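Subject: Structure for you to look at

Hello,

Here is the structure I promised to hand over. Please open it first, then read my notes beside it.

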Amino acid sequence: MTLQAFVPQNGIERRIVMAQAGQLPPDDLMGEIAAADLFIPSTRLVQTDGSGFLPVLLEQQNGLCFAAAFTAQSRADGMAPYLMQALGAHFFRRLPPGYGVLVNPGTEAQIFLAPDGVAALQHDLKAR
């Protein structure tokens, strides 16, 4: 699969590029993603209280499911009929056990966060 070129559109995307270049530790990047706005495609209409949200799930070869999330609204265009904008920390806290996250899927800046990584991030977010 050919990945789309990634030109940063905002501050968090510039930080992702820095992390890929080894200029920012991965744990620091995850903290910054948790503090950033994410755009999460939904297959159902999302109400203002978040109800109705049903994320787009991408299944990997090993049977794990990853929810798709994007760091810019334009990157999510066309993936699903609805889109939810949420602070990364709020999104990560609401993920049920066993799910991972794929940030910016299909781009050169995609980030896989396995289910155990999501659980670790949720633990870190509770400590804050």
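Start with Arg 75. Its relative accessibility is 17%, so Arg 75 counts as buried, because the cut-off for buried is under 20%. Keep in mind that this is a predicted model.

What does the side chain of Arg 75 meet in a salt bridge? The partner is the side chain of Glu 13, with N to O at 2.6 Å. Arg 75 sits in the loop between strand 3 and strand 4 (82–87), while Glu 13 belongs to helix 1, so this pair ties together parts that are 62 residues apart in sequence. Glu 13 is buried too, with a relative accessible area of 0%.

How many salt bridges does a search of the whole structure find? It finds two. The other one joins the side chains of Glu 32 and Arg 15, at 2.7 Å from N to O. This pair also links distant parts of the chain: Glu 32 is in helix 2 and Arg 15 is in helix 1, 17 residues apart. Are these two residues buried or partly exposed? Glu 32 has 27% relative accessibility and counts as partly exposed. Arg 15 is partly exposed as well, with a relative accessible area of 25%.

**Helix 1**

Both salt bridges lead back to helix 1, so let us look there next. Helix 1 covers residues 11–20, and its buried residues are Ile 12, Glu 13 and Ile 16. Why are they on the same side of helix 1? They cover an arc of only 100 degrees around the axis, and that puts them on one side. What do they pack against? They pack against helix 2 (26–35) and strand 6 (111–113).

Now check the two ends. Asn 10 caps the N-terminal end of helix 1. One of its side-chain oxygens lies 3.3 Å from the backbone nitrogen of Ile 12. After helix 1 comes Gly 22. The phi of Gly 22 is positive, near 80 degrees.

**The whole chain**

Step back for a moment. The protein chain has four helices and six strands. Along the sequence they follow the pattern α-α-β-β-β-β-α-β-β-α. The radius of gyration is 14 Å, close to the 14 Å that the globule rule gives for 128 residues, so the chain is as compact as a globular protein of that length. The C-alpha trace spans about 40 × 35 × 30 Å along its principal axes.

How much of the chain is buried? Buried residues make up 43% of the 128 residues. Contacts also reach along the sequence. Take the contacts with a separation of 6 or more: residues 24 or more positions apart account for 64% of them.

**Strands 3, 5 and 6**

Strand 5 runs from residue 99 to residue 103. Four of its five residues are buried, which leaves strand 5 mostly covered. Strand 5 pairs with strand 3 (residues 65–69) through five bridges, and these two run parallel. One place to find this pairing is Ala 69, whose bridge partner in strand 5 is Val 103.

Strand 5 also pairs with strand 6, here in the antiparallel sense, over three bridges. Look for Val 101: its bridge partner in strand 6 is Leu 113. Strand 6 came up earlier, since the buried residues of helix 1 pack against it.

**Strands 1 and 4**

Strand 1 covers residues 37–42. Five of its six residues are buried, so strand 1 is largely enclosed by the rest of the structure. How do strand 1 and strand 4 run, parallel or antiparallel? They run antiparallel, joined by six bridges.

Zoom in on Ser 42. Ser 42 is placed in strand 1. Its bridge partner in strand 4 is Tyr 82. Ser 42 counts as buried, at 0% relative accessibility. Its side chain reaches the backbone oxygen of Arg 44 at 2.7 Å. Which residues is Ser 42 in contact with, leaving aside its neighbours within four places in sequence? They include Gly 52, Phe 53, Leu 54, Pro 55 and Val 56. Ala 80, Pro 81, Tyr 82 and Leu 83 are also among them.

Best wishes

Notes
Residues are numbered from 1 along each chain as its sequence is written. This is a predicted model: local features need pLDDT of at least 70, side-chain atom pairs count only at pLDDT 80 or more; totals for chains, interfaces and linings use all residues. Side-chain values use heavy atoms; hydrogens and water are left out. Buried means under 20% relative accessible area, exposed over 50%, partly exposed in between (1.4 Å probe, protein chains only). The arc is that of the directions from the helix axis to the C-beta atoms. Contact means heavy atoms within 4.5 Å. A polar contact is a pair of N or O atoms within 3.5 Å; within protein, one must be able to donate a hydrogen and the other to accept it, and residues adjacent in sequence count only if both atoms are side-chain atoms. Two strands pair if DSSP finds at least two bridges between them. A salt bridge is a side-chain nitrogen of Lys or Arg within 4 Å of a carboxyl oxygen of Asp or Glu. The radius of gyration is taken over C-alpha atoms; the globule rule is 2.2 Å times the number of residues to the power 0.38.
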